[in-house]
Amino acid sequence: MTDTIKTNAGAGPSSAAASPASPVLEVRGLSIDYPIAIGTVKAVRDVSFSLGDGEVLGIVGESGCGKSTMGLAIMNLLRDPGRIVGGEILYHGKDVVTMTRDELRAMRGRDIAMVFQNPLTSLNPLMKIQDHFLETIRYHKPEMKKADALKHAGDLLEELGIDRKRMREYPHQMSGGMRQRIMIALGLIMHPDVIICDEPTTSLDVIVEAGFVDLLNRLRKKYNLSIILITHNLGLVAEIADRIVVMYGGKVMEESPSSLIFHDPMHPYARGLIECVPNIDLDQEKLTTMDGSPPDLVTPPPGCRFAERCPKAFERCREAEPPLLERRTSLGDGSPGATRRCACWLYGEEA
Ligand code: ADP
């Protein structure tokens, strides 16, 4: 049970709630806008979290909650007209937001890599698979001989269950699952510390998706990878993530260890998402969907962004935004328990 409200966490760049001891990546107080003709889309607001060495962090929420915007910002790859308007993104303490173009080029792929949701649009249809690998390797290691680069790529592909001979083929000759594994291999080829997977299983069927989870788990252990898994699919993160950040309307609603969030979600939005996860043990008729849709981010509501859809909302929820507060969970066995964060008036009003 959650029993203590400790500090005001996530309220700005100085907060470091629920941080691993030595984070590889720290996002602090990040805010991102998209100025458009009808106003400014406040896509991400004051988001803070950190990623530990070898840790898998799930970022979940419905479509339009700001997850991809945040993933792209970490690589400093925001699409126009996206702008970071506040906060820091620290990779081993160095701010990605203020890196020079050359520093960014060197960082992408070598230190942090990204696997996008649609491999068919991310792979160049006119390039053989091997040329995708050669391009990346030459960029970061121009001194590597072509034969060595091909061997390196072939070894990695075979580790991912793809015959190295298939490197001579084009993306359209591969199945969806193979293309996804090729994208992962391309992400891993320079042995980055961090890999960001954005909706990695959207184009996969359920069986291939199960294989993907096993694969990610295996690679994580072998390469001591830190992984950010961005998805609307809670079932997917349940199987692999250590911690989960739940986003709604561009803000963090809850952050908890995944072992706790599925059994004891704090935020009503997290509970709602969990109740929507198909469970084979459940009678299909009992499955629920959440009514309504995420808020307009040009003119977000004044109070809690989830209030309009929240079954537990009361007056205060519509008047003022709840701060993201750090709370310690007592496990009832005398151990210090886990640190969780939640932005909800149900748990009190003190900072
Ligand atoms: P998610 O990944 O959770 O689906 P996104 O990060 O894609 O969410 O979107 C967050 C918000 O930013 C949404 O309101 C979306 O419409 C808006 N948005 C995303 N990209 C752009 C863009 N290029 N121009 C304007 N608004 C955008």
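**Ligand, sheet and helix**

Me: How far is an oxygen atom of the ligand from a polar backbone atom of Cys65?
Reply: This is a predicted model, in which local features need pLDDT of at least 70 and side-chain atom pairs count only at pLDDT 80 or more, while totals for chains, interfaces and linings use all residues. Residues are numbered from 1 along each chain as its sequence is written, and side-chain values use heavy atoms, with hydrogens and water left out. The pair at Cys65 is a polar contact (N or O atoms within 3.5 Å; within protein, one must be able to donate a hydrogen and the other to accept it, and sequence neighbours count only if both atoms are side-chain atoms). The distance is 3.0 Å.

Me: Which residue puts a polar side-chain atom 2.8 Å from an oxygen atom of the ligand?
Reply: Gly66 has a polar backbone atom 3.1 Å from a ligand oxygen, so look for a side chain instead. The one at 2.8 Å belongs to Lys67.

Me: How much of the ligand's own accessible area does the protein cover?
Reply: On its own, the ligand has 560 Å² of accessible area, by the Shrake-Rupley method with a 1.4 Å probe. The protein's share of that cover is 68%.

Me: Which element gives the most to the shell around the ligand?
Reply: The shell has 15 residues, each with a heavy atom within 4 Å of the ligand. Strand E2 (23-36), strand E3 (39-52) and helix H1 (67-74) each supply at least two; helices here are DSSP runs of H or I with at least four residues, strands E runs with at least two. With three residues, the top contributor is H1.

Me: Which residue in E3 is the bridge partner of Val27?
Reply: E2 and E3 pair in the antiparallel sense over ten bridges, where pairing takes at least two DSSP bridges. They belong to an open antiparallel sheet in the order E3-E2-E5-E6, with E3 and strand E6 (94-95) at the edges. The partner of Val27 is Phe49.

Me: Is Arg243 buried or exposed?
Reply: Arg243 lies in strand E10, and its side chain reaches the backbone oxygen of Ser50 at 2.5 Å. The cut-offs are under 20% relative accessible area for buried, over 50% for exposed and partly exposed in between, with a 1.4 Å probe and protein chains only. Arg243 comes in at 8%, so the verdict is buried.

Me: How many of the 13 residues of H6 are buried?
Reply: Helix H6 (residues 176-188) reaches 19 Å from first C-alpha to last, close to the expected 18 Å. Among its buried residues are Met178, Ile182 and Leu186. H6 is mostly covered, and the count is eleven.

Notes
Expected span 1.5 Å × (residues − 1).
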